[in-house]
Amino acid sequence: MRRILLLRNLSFSVAAMAALCGHAARAQAPAVDPTFAKLSEDWRTPFTPHHVVGNVYYVGSSGLAAYLITTPAGHILINSNLESSVPQIQESVKKLGFKFADIKILLISHAHFDHCAGSAKIKELTGAKYMVMDADVPVVESGGKQDFQYGTALADLYPPTKVDRVLHDGDEVTLGETVLVAHKTAGHTRGCTTWTMKAKDNAKTYDVVVVGSPNVNPGYKLAGAESYPGIAQDYEHAFAVWKGLKCDVFLGAHGSYYGMAEKIARVKEGGANPFVDPDGYKSYVAERETAYREELKKQEAAK
């Protein structure tokens, strides 16, 4: 998703700020969308860290998901979020009773600033190995400059981060007895990744799915002059993958994908684990596929 320059850390140059205010020539920069401005508030709002299922915990903010997968051999973190998110993630890990320094592997959903801008800092603090899907590697290592949509927007850039392992579709990431599988579900980014794993909880084993992103962002071109060659085919493949995955526990790059706030409220009421939601997963994928096909149809008609 697009970054909102007004909310960025004050490390931006005066020239960049002048560009936002219209005092510099950046005619190509899109206008600020108030929807993103509102979302950015949620991205920075702390959320109570909590247990999801088995060895999976939520350590993100109100609007940006991050997951800690714990093992006796150390921990795996999915998503570093914003640069400013790192202290929040640290505090959430601590509140859950784990050590931030024990994070051994860092993964991401996709190479947009709101999911990976904090990666350089987390690598510095923990020494974690950064593992990224092949087509997103040039983006994260360029600090966003190689992104097909946002590479020229100063507001969407972030610290370049060296990738330690290049992942490919179907690769496994193993730590201790925990195995995550990387599914390439491109479209939102060229290397957008959906993660799956099995989690044991109370003698039961659950299939966990962390959806990368099925969304077609404003400005994406699916037909005619495509945002990148084959973007529509990538979305088609991604939806085929999502529909083929077995899912008990539905998670995603944003808590809003799976109704996190509503579900955590139900946890407090007691009863069955609300994060076990196979029907919610199917409904979400179906709704997002409908939205994609409607957008594709509209763009094809406008060619």
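Which strands each supply at least two residues of the lining of the second largest pocket? They are β3 (67-71), β9 and β10, where strands, like helices, are DSSP runs numbered from the N terminus (E, at least two residues, for strands; H or I, at least four, for helices).

The model is predicted, so that local features need pLDDT of at least 70 and side-chain atom pairs count only at pLDDT 80 or more, while totals for chains, interfaces and linings use all residues. Residues are numbered from 1 along each chain as its sequence is written, and side-chain values use heavy atoms, with hydrogens and water left out.

**The pocket**

A pocket is here an open set of points on a 1 Å grid over the protein atoms alone, where a 1.4 Å probe fits and protein lies on both sides within 12 Å along at least five of seven lines; lining residues have an atom within 4 Å of a point. The second largest pocket has a volume of about 280 Å³, the volume being the space filled by probe spheres set on the points, which are joined across faces, edges and corners. Its lining numbers 13 residues, and N55, E177, T178, K198 and K200 lie nearest the centre. Strand β10 gives the largest share of this lining, three residues. By class, four lining residues are nonpolar, six polar and three charged, with Ala, Val, Leu, Ile, Met, Phe, Trp, Tyr, Cys and Pro counted as nonpolar, Asp, Glu, Lys and Arg as charged, and the others, Gly among them, as polar.

**Strand β9 and its partners**

Strand β9 (residues 178-184) is mostly covered, five of its seven residues being buried; buried means under 20% relative accessible area, exposed over 50%, and partly exposed in between (1.4 Å probe, protein chains only). Two strands count as paired if DSSP finds at least two bridges between them. Strand β9 pairs with β8 (residues 172-175) in the antiparallel sense over four bridges, and T174 has V179 in β9 as its bridge partner. Two residues separate the strands of this hairpin, in which G176 takes a positive phi near 60°. With β10 (residues 193-201), β9 pairs in the antiparallel sense over five bridges, and A182 stands opposite W195 in β10.

**Positive phi outside glycine**

Two asparagines in loops have positive phi values, as tabulated below.

| Residue | Phi | Loop | Relative accessibility |
|---|---|---|---|
| N81 | positive, about 60° | between β4 (74-78) and α3 (86-95) | 0%, buried |
| N202 | positive, near 50° | between β10 and β11 (204-211) | 72%, exposed |
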